Amino acid sequence: MAVNASPSPILSRPLAYGATSLGILALAWVLATSVLGWVGPEVLPSPLAVIARFANLIVEPFAGAALFGHVLASLERWSYGVFFAIVLGVPFGIFFAWVPWFRAVVNPVFETLRYIPPFAWVPIAILWFGASTATQAMVVFIAAFPACVINAQLGVQHVDNILVQAARVFGADQLNTLRRVVVPVATPSIFTGIRIAISNGWMALVGAELVVGKTGLGFLIAQGQQNDSVSTIFVGIIAIGVLGVLIDLCVQRLERRLMPWQLP
Amino acid sequence: MLEPSATPKLELRNITKWYGPEGTGVLAVDDCSVSVQKGEFVCVVGPSGCGKSTLMTVGAGLEEATHGEILIDGKPAGKPGPRRSVVFQKFALFPSETVAQNIKFGLQMTNVPRDEQERRVQQQLEIMGLTQFRDSYPSQLSGGMQQRVAIARALAMQPEILLMDEPFGALDAQTRTILQEEVQRLSHQMHYTVLFITHSVEEAVYLSDRVIVMSRRPGRIKKEIQLPRDVAWKRGDIEQAAEHPEFIEARREIWALVREEIMAA
Ligand SMILES: Nc1ncnc2c1ncn2[C@@H]1O[C@H](COP(=O)(O)OP(=O)(O)O)[C@@H](O)[C@H]1O
Ligand SMILES: [Mg+2]
């Protein structure tokens, strides 16, 4: 075998496409701002200006903290909200699908609640928890919870009944049927739910930080606007996007580890 | 030899099964009685949709009969359990578990001692020619291999009764022939008590001691045909068996009965 065999096509192709499209975007940005000057720096700062501001924000506190501090604050709230959404939502969804009477009883309430946008809860969250981590975590939770429930439920409902019959034939009780057959088979769907929950939670968090709180990336953006610093806003926006992608990549990785039995 | 008067190992007595409400739902099986003696291999044949799978699902205890009862050794069979193992047409392997884990599943659920579990898994892997696939997942195997795993999983339970619902129906012709011959060999060696569902008349004649022909839906028992037992032609491969006059005669008779039902539909 040649050592320098052509790189695995599964990985390299999307990576190459991704790099190309990002590169084109960056090029357009440079052209529009620095080279051709179509848009002024007060509308869209040049990449260089944003990078300079980024370097600056790393070392120098702005809106109460350096960039890293804002990132940590956001991640902390987001983690709490998403953590509780997953550990409560996934079992809830499984139970929902497995126990018909429970579904019949709870479904109307759940369906109604889930059409209330997460931000509608901000005022009540502030009343309950004040302008604290708990408030933003609650908004994240509300944004993330339904996706966990619904996808876990769908995953369980779509498990072929013949597998459940087979589990019964071979002596499994309800708990073992769930543990060894139903939940593993529903795992891809559960993970889809978790990934949606994670991004919903992230978006809701930044939204909540725009209105409440004294730290976080959303707050950073809001303060950038207050101080007419467009480049600060862009640093915030890009940081939010990049962090979102990184989190999702971590989850995908975990997913592949947990399900070696899945066809690629 | 079998004593016809002995209490059957498995008896499906006057089974009627309605899906949905009785009288207005679907009548799948209508007053069917089937009994299987210890060590006997019984095939049920009938046109597609006549209620064969329903009969097996009820016989396995997976569905309640609307009327009638299921008896093992003359006593109510109750819930599914280790006395009855099932091989499903669509394999029904647990996709997140390896071949060995699938085979071990029922042993763990019924609290077979650990070293005994290992021993039986190893034994079944060898019998079914699966040793090299021990740690593979079902999705990595061909249909024929998957069905071998399903058979191994059922046999590892050392069940008193084996229920098989068109186990070779989803396989290609060559794989099916090989597996038919292996099941035939195994059942002659081990004297399993088997209720085997199929729509293939040849398969029924080759494998079984007795063939039960069902009518079109709602399924009733149309006729039972006793086949010669312990004859040489049944122990060779299926191609040779199919040339034997007794085989040809039985196949002709049974096929005529099945054809009547298909044509009348
Ligand atoms: N779960 C079910 N609900 C309603 N009808 C069913 C169900 N299962 C089977 N049937 C109906 O019962 C009849 C017999 O089905 P089945 O036992 O699967 O036949 P076979 O195995 O002989 O092809 C068919 O008409 C089928 O549509
Ligand atoms: Mg069937």
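**Helix packing in chain A and two sheets in chain B**

In this predicted model, helix α8 (residues 174-211) of chain A packs against helix α9 (residues 217-226) of chain A at an angle of about 45°, and their axes lie 7 Å apart. Helices (H or I, at least four residues) and strands (E, at least two) are DSSP runs, numbered from the N terminus; axes are lines fitted to C-alpha atoms, for helices over the stretch in contact, and angles run from 0 to 180 degrees between N-to-C directions. α8(A) and α9(A) are therefore oblique to each other, given that angles under 35 degrees count as roughly parallel, over 145 as roughly antiparallel, 65 to 115 as roughly perpendicular and the rest as oblique. The contact (heavy atoms within 4.5 Å) involves A:W202, A:V206, A:E209 and A:L210 from α8(A), together with A:L217, A:G218, A:F219, A:I221 and A:A222 from α9(A).

Residues are numbered from 1 along each chain as its sequence is written, and chains are lettered from A, with ligands numbered from 1, in the order in which they are written. Local features need pLDDT of at least 70, side-chain atom pairs count only at pLDDT 80 or more, totals for chains, interfaces and linings use all residues, and side-chain values use heavy atoms, leaving out hydrogens and water.

As for confidence, chain A averages a pLDDT (the predictor's confidence in each residue, from 0 to 100) of 89, and 95% of the residues score at least 70. Over residues 1-5 of chain A, pLDDT stays under 50, and the model has 0 contacts beyond four places in sequence for them. Where pLDDT is low, the predicted coordinates should not be read in detail.

Turning to chain B, an open sheet of 4 strands follows the order β2-β1-β4-β5, with antiparallel pairing; two strands pair if DSSP finds at least two bridges between them. At the edges stand β2 (26-36) and β5 (75-76) of chain B, each with a single partner strand, so one side of each is left without a neighbour in the sheet. Strand β1 (residues 10-19) of chain B joins β2(B) in the antiparallel sense over 7 bridges, and B:L10 has B:V36 in β2(B) as its bridge partner.

An open sheet of 6 strands in chain B has mixed pairing and the order β6-β7-β8-β3-β9-β10. Its edge strands are β6 (84-87) and β10 (221-226) of chain B. Strand β9 (residues 210-214) of chain B runs antiparallel to β10(B), joined by 5 bridges. Helix α8 (residues 245-264) of chain B packs on the sheet, where it touches β3, β9 and β10 of chain B.
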